[in-house]
Amino acid sequence: MMTRLWGLRWWMMGLLMVGSIVNYLTRATLAVAAPTLLTDLAISEQQYSWVLSAFQIAIMLQPICGYVMDTIGLKMGFAIFAIAWSFISMTHGLAANWQTLFGLRALLGFAEGSANPAGMKATSEWFPAAERGLAGGFFNMGASLGSMLAAPLVAWAILTHSWQFAFVLTGVIGLVWAGLWLTFYNSPAKHRALSARERDYILSGQETHLAGTGRPSFRTVLRQRNFWGIAIPRFLADPTWGTLTFWLPLYLTTVRGFDLKQIAMFAWLPFLAADLGCMFGGTISITLQKYAGIGLINARRWAFTVGATMMLGVAFVGLVDNPYVAVGLLSLAGFAHQTLSVTVITMASDLFKRNEVATVAGMAGTCGNAGVLIFSLAMGALVTRVGYTPFFVGLAALDVLGAVILWTVVREQRPEPVSAVA
């Protein structure tokens with residue numbers, strides 16, 4: 001008989017967080033390798049933006065990933081996507097021009113679009129409502145940690161071998177994690193190491209009106225205002241993460257004069273700050289509920305608003321002369337963005353039925369990545385003419401607008417009275 005583990009839900013979320021680390025490490029490999037790779041393959045900044053757009057277009061198909069995991073189960077569904085993105089990453093080492101990279105990034109984007117829906121589905125299944133914000137923050141730390149690890153790891157791989165080796169290395173790491181996932185993960189209903197006490201604790205803290213069975217419906221989700229209430233803020237806020245993930249090393253090289261060693265030393269700092277922001281956003285929600293008597297949805301909205309307010313400092317990145325102050329403000333961007341991002345992402349599990357969560361998270365993620373796509377294409381077309389400063393100002397303004405929409409569009413769903421059900 002399998003030994004019962006104390007706090008098994010946090011062990012499962014830890015396994016998912018490691019998967020998120022690998023996911024973002026793999027997708028960030030190109031950004032760190034970009035200064036070397038673009039020179040080696042004679043790729044221009046505009047062509048680079050086209051390559052990035054392939055990833056963003058394909059990752060907008062993540063509702064398909066969510067639907068697959070809602071239908072065949074999280075364990076097998078996420079494993080399939082993880083194995084796929086690992087092999088695709090390794091294939092990047094064979095690219096000889098921007099057209100090949102374009103195709104590979106598209107394939108990678110589709111496979112890696114599974115991460116957020118997987119995290120939100122696991123959060124809705126494994127955690128009571130009061131803990132979902134913190135659990136979501138813990139999971140989203142993986143995005144920051146993966147991007148943070150990419151700078152020193154990829155730089156080391158390039159300095160000691162080649163940029164091709166960097167892609168192979170991150171792909172192999174992905175395959176190792178997929179093996180761990182298949183070995184140790186299972187749903188609460190099937191996991192033999194879950195104690196009866198913890199199972200009762202999880203179920204007693206989940207909203208009964210969000211229970212659901214059967215296949216989710218895209219049409220039903222699209223007709224709900226709460227979907228647009230979280231999807232539009234994702235569209236407005238996610239360009240910050242896209243800028244940090246895909247453009248930061250290039251910005252530090254071309255504008256601030258950093259070499260590859262300096263990128264390895266400093267490019268990970270915004271993602272370290274983002275890790276702290278993940279936990280800060282969840283902590284704000286819990287604190288407001290516990291000590292201020294604020295409801296779950298309003299607590300989430302206040303956490304998003306705090307993050308959006310801090311984002312105002314990012315408008316000054318391009319205006320400061322000292323490159324290290326600029327890195328500090330970019331670190332503020334990472335902290336502020338993850339404070340608000342983890343909040344709005346978690347709301348998929350607060351507002352929708354559990355059999356819809358992965359699909360909803362995927363659809364909202366599509367909107368978020370559409371924002372990244374448009375913003376990245378604009379940067380590729382205009383950055384050589386107008387510089388980066390207008391884009392940093394735009395990031396701050398977009399998050400404030402996202403907070404306004406979150407407050408005005410989302411409506412908290414409450415369970416029906418017992419008499420009405422009867």
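**Group meeting: a walk through a predicted helical model**

Let's open with a cation over a ring: arginine 27 lies over the face of tyrosine 24, and the distance to the ring centre is 3.9 Å. The criterion here is NZ of Lys or CZ of Arg within 6 Å of the ring centre and within 35 degrees of the ring normal.

Before going on, the housekeeping. This is a predicted model, where local features need pLDDT of at least 70 and side-chain atom pairs count only at pLDDT 80 or more, while totals for chains, interfaces and linings use all residues. Residues are numbered from 1 along each chain as its sequence is written, and side-chain values use heavy atoms, with hydrogens and water left out.

On confidence: pLDDT is the predictor's confidence in each residue, from 0 to 100. The protein chain averages 86, and 94% of the residues score at least 70. The stretch to be wary of is residues 416-422, where pLDDT stays under 50. For that stretch the model has 1 contact beyond four places in sequence, contact being heavy atoms within 4.5 Å.

Okay, the core. A nonpolar core here is a set of buried Ala, Val, Leu, Ile, Met, Phe, Trp, Tyr and Cys residues joined through side-chain atoms within 4.5 Å. Buried means under 20% relative accessible area, exposed is over 50%, and partly exposed is in between, with a 1.4 Å probe and protein chains only. The largest core has 124 residues, and those with the most contacts inside it are Leu37, Tyr48, Phe78, Trp181 and Ile230. Which helix gives the most to this core? That's α1, residues 8-40, with 18 residues. Helices are DSSP runs of H or I, at least four residues, and strands are runs of E, at least two, numbered from the N terminus.

Phe78 comes up again in the aromatics. Rings of Phe, Tyr and Trp (the six-membered one for Trp) pair if their centres lie within 6.5 Å; planes under 30 degrees apart are stacked, over 60 edge-to-face, and the rest tilted. By this rule you get 24 aromatic pairs. One cluster is made of Phe78, Trp85, Trp177, Trp181 and Tyr185. If you leave aside neighbours within four places in sequence, phenylalanine 78 is in contact with Leu16, Met69, Trp85, Ser114, Ala115, Ala118, Trp177 and Trp181.

Now helix α16, residues 357-386, starting with serine 376. Buried or exposed? Serine 376 counts as buried because its relative accessible area is 5%. Its side chain makes a polar contact with the side chain of tryptophan 247, at 3.1 Å. For that term we want a pair of N or O atoms within 3.5 Å; within protein, one must be able to donate a hydrogen and the other to accept it, and residues adjacent in sequence count only if both atoms are side-chain atoms. Not counting residues up to four places away, serine 376 touches Ser49, Leu52 and Trp247.

Asparagine 369 is in α16 as well, and at 9% relative accessible area it is buried. What sits across from it? Asparagine 369 touches Gln56, Ile59, Met60, Gln62 and Asp238, again skipping residues up to four places away. The C-alpha atoms of asparagine 369 and glutamine 56 are separated by 5.7 Å, with the two positions 313 residues apart along the chain.

Valine 383, also in α16, is buried at 6%. Outside the four-place window, valine 383 is in contact with Glu45, Ala378, Tyr388 and Phe391.

A couple of loops next. Alanine 42 lies in the loop between α1 and α2 (45-59). Alanine 42 has a positive phi of about 55° although it is not a glycine, and it counts as exposed because its relative accessibility is 65%.

Valine 314 is in the loop between α14 (296-310) and α15, yet it is buried, at 1% relative accessible area. Valine 314 touches Leu329, Ala333 and Phe392, beyond four places in sequence.

Over in α15 itself, residues 323-351, we have serine 331. Serine 331 is buried at 14% and touches Leu269, Pro270 and Ala273, with the usual sequence exclusion.

Last stop: arginine 411, in the loop between α17 (389-409) and α18 (418-421). How accessible is arginine 411? Its relative accessible area is 42%, so it is partly exposed. Leaving out neighbours within four places, arginine 411 is in contact with Arg225, Asn226 and Leu351.
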